[in-house]
Amino acid sequence: AVQLAAGAPDPALADYQTALAGPEPAGAIYSEASVLYLESGKRAEAVEVLESGYARLQQPPSLTIPLIRTYRIVGRQADAERLAAECAVRWPKMQSLCSEEARGGAGASGGRR
């Protein structure tokens, strides 16, 4: 991962932080901000932004897969598997997606950018 220059703010991340502080942030904003944090090596922030969005938006299905993926990427496999199990119970149609993501399987490439 490319580290940002010390003290130089990432303009895209600054935009996301502004949007996240707004009254009605969309789930996609949390996901995108998390990806930017991961790309800049800020693993704790990547998890924190998704967890806060997951809680603030009342655990939407749209943030479940990104949160499972982020847990797996940062080495929190037990959390990834716990959330995949919750996903299977709450949204049965997403069960295979959630369990594959927790395993880092076929559908879990995250082929973005």
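At the heart of this predicted model sits its largest nonpolar core, a set of 26 residues in which Ile68 and Cys98 have the most contacts. Six helical elements chip in with two or more residues each: α1 (11-20), α2 (27-39), α3, α4, α5 (77-90) and α6 (95-103). As a general point, nonpolar side chains in soluble globular proteins tend to end up buried together.

Cys98 is a handy place to start looking around. Leaving aside residues up to four places away in sequence, Cys98 touches Thr64, Ile65, Ile68, Ala84 and Cys87. Two names on that list deserve a second look. Ile68 shares with Cys98 the distinction of having the most contacts inside the core, and Cys87 is the disulfide partner of Cys98.

That brings up the disulfide itself. The count for the model comes to one, and the sulfur atoms of Cys87 and Cys98 lie 1.9 Å apart. With 65° about the S-S bond, the link is right-handed. Cys87 belongs to helix α5 and Cys98 to helix α6, so the pair ties together parts that are eleven residues apart in sequence. Are these two cysteines buried or exposed? Both Cys87 and Cys98 turn out to be buried.

Away from the cysteines, the loop between α3 (43-56) and α4 (61-73) has something to show in its backbone. Gln58 is found in this loop, and so is Gln59. Gln58 has a phi near 60°, a positive value in a residue other than glycine. Gln59, also not a glycine, has a positive phi of about 55°. How accessible is each of these residues? Gln58 has a relative accessible area of 67%, over the 50% cut-off, so Gln58 is exposed. Gln59 comes in at 34%, which falls between 20% and 50%, so Gln59 counts as partly exposed.

A word on confidence rounds things off. The protein chain has a mean pLDDT of 84, and 83% of its residues reach 70 or more. Two stretches stay under 50. One is residues 1-8, for which the model has eight contacts beyond four places in sequence. The other is residues 107-113, with nine such contacts. Where pLDDT is low, the predicted coordinates should not be read in detail.

How values were computed:
Residues are numbered from 1 along each chain as its sequence is written. This is a predicted model: local features need pLDDT of at least 70, side-chain atom pairs count only at pLDDT 80 or more; totals for chains, interfaces and linings use all residues. Side-chain values use heavy atoms; hydrogens and water are left out. Helices (H or I, at least four residues) and strands (E, at least two) are DSSP runs, numbered from the N terminus. Buried means under 20% relative accessible area, exposed over 50%, partly exposed in between (1.4 Å probe, protein chains only). A nonpolar core is a set of buried Ala, Val, Leu, Ile, Met, Phe, Trp, Tyr and Cys residues joined through side-chain atoms within 4.5 Å. Contact means heavy atoms within 4.5 Å. A disulfide is a pair of cysteine sulfur atoms within 2.5 Å. pLDDT is the predictor's confidence in each residue, from 0 to 100.
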